[in-house]
Amino acid sequence: MTSRAGVLKLLSLALGLALTAPLAQAQDYPTRPIRLVVPFPAGGATDLLARAISQKLSAQLGQQVVVDNKAGAGGSLGSSEAAKAAPDGYTLLIATSSTHSIGPHLNAKLSYKVEQDFTPVAHVANAANVVLVPPSLPVKDIRELIALAKSKPGQLNYASSGNGTIVHLTSESFKSQAGVFITHIPYRGTALAIPDLVAGNVQMLFDSIVSGMPHVKDGRLKALAVTGKARSPLAPELPTVSESGLPGFESVTWFGIYAPKGLAPALVARLNNEFNTALKSAEVRERLARLGAEPVSDASPAQFAAMVKADSERWGRLIRERKITVE
């Protein structure tokens, strides 16, 4: 019969192995290529950002990080596939405000729940927009734009990239905070709205800094401000919306890395450190800047999760208040 001391020794050994196994796994990881699911088409901002980071990450890890585009259903197709993968660190997802903050409030039939089906890993970047108006609009800053809109309720129009998009919600947030009524004109992408904005048929558009500023530089449009918390290095001459007439206003698209639910904490910590290290490199920071994105290289998984929760609550509240749908 095994002595009580022997049983305790075996239990202690088993516990020790259970505690050290995940650490050993994290140290050995990865032993094969990692798949980074991008839930949007190749060539878009999310895809280009993912490729910029994955190249650096591949060099750091000594294993290829393969970008896998799984586009469809507004990003929910790829997100759902990633959620169902094994939680072993070999399938990751690059998510955005659209897939994890906004989408769940617009589509009750999503096959995933953000907090139940994913493990937050790293907050990698934010991208602000620029407020564009036609040269013919008699305003030079946000304060004057708000005053004009208040003097002509319902007579000004704003363009968006479609119902339920971050551009639509940012515009509605602006209207709500400024207390103005500007009519929504949805387009299938902001590029399709530019001709009408230049012609003065619509009077405002929140567009990507990268795609919007070339029209400003050639004189076709005016830029009033950027929507981030701080000025953008891509257009440092432009004030923020907050400092130019609407204090406290901010809207950015965030990008972050998730794993399926159940990823071992040691692997989460390892991946968070690897992504943060990659985002500190001058090469990655330069490539992200060209995309209009500002890297976030110091956020823990817990801080990333808290940011997403607060962002989701903000957009969910706005969607309910403004009765926004995707139809």
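**Figure 1. Lys323, in a segment that follows a helix.** Where is Lys323 found? In this predicted model, whose local features need pLDDT of at least 70 and whose side-chain atom pairs count only at pLDDT 80 or more, totals for chains, interfaces and linings use all residues. Residues are numbered from 1 along each chain as its sequence is written, and side-chain values use heavy atoms, with hydrogens and water left out. Lys323 lies in the segment after helix H12, which covers residues 301-321. Although Lys323 is a residue other than glycine, its phi is positive, near 55°. Lys323 counts as exposed, at 71% relative accessibility, where exposed means over 50% relative accessible area, buried under 20%, and partly exposed in between (1.4 Å probe, protein chains only).

**Figure 2. The whole protein chain, for orientation.** The chain contains 12 helices and 10 strands, which are DSSP runs numbered from the N terminus (H or I, at least four residues, for helices; E, at least two, for strands). Along the principal axes, the C-alpha trace of the protein chain spans about 90 × 40 × 35 Å. Of the 327 residues in the protein chain, 51% are buried.

**Figure 3. Ala73, a residue with positive phi in a loop.** Ala73 belongs to the loop that runs between strand S2 (residues 65-69) and helix H3 (residues 76-83). The phi angle of Ala73 is positive, at about 55°, even though this residue is not a glycine. How exposed is Ala73, in terms of its relative accessible area? The relative accessible area of Ala73 is 61%, and Ala73 is therefore exposed.

**Figure 4. The peptide bond between Tyr29 and Pro30.** Tyr29 and Pro30 are joined by a cis peptide bond, for which omega is about -5°. The place of Pro30 along the chain is the loop between helix H1, which covers residues 4-28, and strand S1, which covers residues 34-38.

**Figure 5. Strand S9 and the strands that pair with it.** Strand S9 runs over residues 252-260 and is mostly covered, with nine of its nine residues buried. Strands S3 and S9 pair in the antiparallel sense, with four bridges between strand S3 (residues 91-96) and S9; to count as paired, two strands need at least two DSSP bridges between them. Which residue of S9 is the bridge partner of Leu93? The partner of Leu93 is Tyr258. Strand S4, covering residues 118-133, also runs antiparallel to S9, and nine bridges join the two strands. When looking along S4, the reader can find Asn126 opposite Trp254 of S9. In a regular strand, the side chains alternate between the two faces of the sheet.

**Figure 6. Aromatic rings.** How many aromatic pairs does a search of the whole structure find? The search finds eight aromatic pairs, where rings of Phe, Tyr and Trp (its six-membered ring) pair if their centres lie within 6.5 Å, and planes under 30 degrees apart count as stacked, over 60 as edge-to-face and the rest as tilted. One of these pairs is made by Phe174 and Phe249, which are edge-to-face, with 6.0 Å from centre to centre and 85° between the planes. This pair links distant parts of the chain, because Phe174 lies in helix H7 (residues 166-178) whereas Phe249 lies in the loop between strand S8 (residues 222-226) and S9, and the two residues are 75 residues apart. Both Phe174 and Phe249 are buried. One aromatic cluster is formed by Tyr112, Phe118, Trp254, Tyr258 and Phe304. Two members of this cluster also appear in Figure 5: Tyr258 as the bridge partner of Leu93, and Trp254 as the residue opposite Asn126.

**Figure 7. Val296 and Ala122, brought together from separate parts of the chain.** Val296 is found in the loop between strand S10 and helix H12, where S10 covers residues 293-295. Is Val296 buried or exposed? With a relative accessible area of 13%, Val296 is buried. The C-alpha atom of Val296 is separated by 8.7 Å from that of Ala122, while the two residues stand 174 residues apart along the chain.
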